[in-house]
Amino acid sequence: MAFRLQPPDQMMWPDGMRSAVALTFDLDIETPFANGETPVARRPGLGSQAQYAAKVGVPLILSLLEQLEVDATFFVPGKSAEDFPETVRSIAVDHEIASHGYTHEAPSSMGREREEEELLRTLEILASFGVDVAGYRAPFFEPSAHTVELLDRYGLRYSSGLMDDIRPYRHPGTGVIELPSQWLFDDWSQFGHGYDDVLARNATCSHVRQLWMEEFTALHQLGGLMVITMHPQVIGRPSRIQMLADVVSEMKSHDGVWFANCRMIADHAARVL
Ligand SMILES: [Zn+2]
């Protein structure tokens, strides 16, 4: 069928750019499992699946990003930064560090006071690495009704926790820009099979590559933003790193794709929105 997606009359991206892509990595490592009934320390097998992120995943990702010459954003839970400081230091040399809560519990299931405490605690921890934190992603993409207000109050400039648009937008009455993502391009929803779900099957790289490229091609026509959400223990497998390299190269073969970290995209959006 001769159907063509129609872009908006006015593109929002910098001159000559038609769409934007952000490569983002959530440095969850052990945090999603640390609060379970049996702590990770008493389950070294379980822990090893998470620790792969720091030992192998992040170094492979950093090497790939260097070759691709792409600036990425790493959303870091405060607890991960305390437990794996060398990993955070290695990332902060060239890439943006943003907040991903402290415990990796969903803000939607905690009270306002606790959410504020986690936010401030994590900002303090991340500041000790010499980084200026501009953004936040709610764990599990589950912000609370207070999240945007808290981000605005403490001077954070963007959130990447909602899924209600294909382009950045400003939360009304605040200085907070939303950079929407989607489960469709979250590696965990494709490859991650749950640490205890040993019988679940993994998607092939070919499947995920096709899924992401199909969505990207359509988003690019519409002048959209693709925030790809990945986890070093998931995307950090050798075959998947190769797939990510192929996906980025294929995206770069389109005219006018702006690869930028979330801070750059949010700051640009704040100027034009
Ligand atoms: Zn996470």
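## A first look at the fold

Start with one pairing: Phe-75 stands opposite Ala-98 in strand β3. That's one small detail of a predicted model whose chain holds 11 helices and nine strands. Here's a quick tour, from the whole chain down to single residues.

**The chain as a whole**
- For 273 residues, a compact globule would have a radius of gyration near 19 Å, and the chain comes in at 18 Å, which agrees.
- Along its principal axes, the C-alpha atoms fill a box of roughly 60 × 45 × 35 Å.
- Buried residues account for 43% of the 273.
- If you take contacts between residues at least 6 apart in sequence, 72% of them join residues at least 24 apart.

**Strands β1, β2 and β3**
- Strand β2 (residues 73-76) has a partner in β1 (residues 19-26): the two run parallel and are joined by three bridges.
- In that pairing, Phe-25 sits opposite Phe-74 of β2.
- β2 also pairs with β3 (residues 96-99), again parallel, this time through four bridges.
- In a regular strand, side chains alternate between the two faces of the sheet.
- Both faces of β2 are covered: Thr-73 and Phe-75 are buried on one side, and Phe-74 and Val-76 are buried on the other.

**The nonpolar core**
- The largest nonpolar core is made of 63 residues, and Ala-22, Leu-179 and Ile-265 have the most contacts inside it.
- Helix α2 (residues 44-68) is the top contributor to this core, giving seven residues.
- Ala-22 has plenty of company beyond its neighbours within four places in sequence: it touches Thr-73, Leu-179, Val-227, Ile-228, Ala-260, Asn-261, Cys-262 and Ile-265.

**Helix α8, a helix with two sides**
- α8 covers residues 205-221, and at 1.5 Å a residue its 17 residues should span 24 Å; the end C-alpha atoms are 24 Å apart, so the two agree.
- Its buried residues are Val-208, Trp-212, Phe-216, Leu-219 and His-220.
- Look down the axis of α8 and those buried residues fall within an arc of 95°, so they line one face of the helix.
- They pack against β1, α7 (187-190), β8 (225-230), α10 (238-252) and β9 (257-259).
- Turned away from that buried side are the exposed residues Ser-206, Gln-210, Glu-214 and Ala-218.
- Just past the end of α8, Gly-223 adopts a positive phi of about 70°.

Conventions. Residues numbered from 1 in each chain as written. Predicted model: local features only at pLDDT ≥ 70, side-chain atom pairs only at ≥ 80, totals over all residues. Core = buried A, V, L, I, M, F, W, Y, C linked by C-beta atoms within 7 Å. Buried ≥ 20, exposed ≤ 12 C-beta atoms within 10 Å, placed from the backbone. Contact = placed C-beta atoms within 7 Å. Pairing = 2+ DSSP bridges. Expected span 1.5 Å × (residues − 1). Arc of directions from axis to C-beta. Rg over C-alpha atoms; globule rule 2.2 N^0.38 Å.
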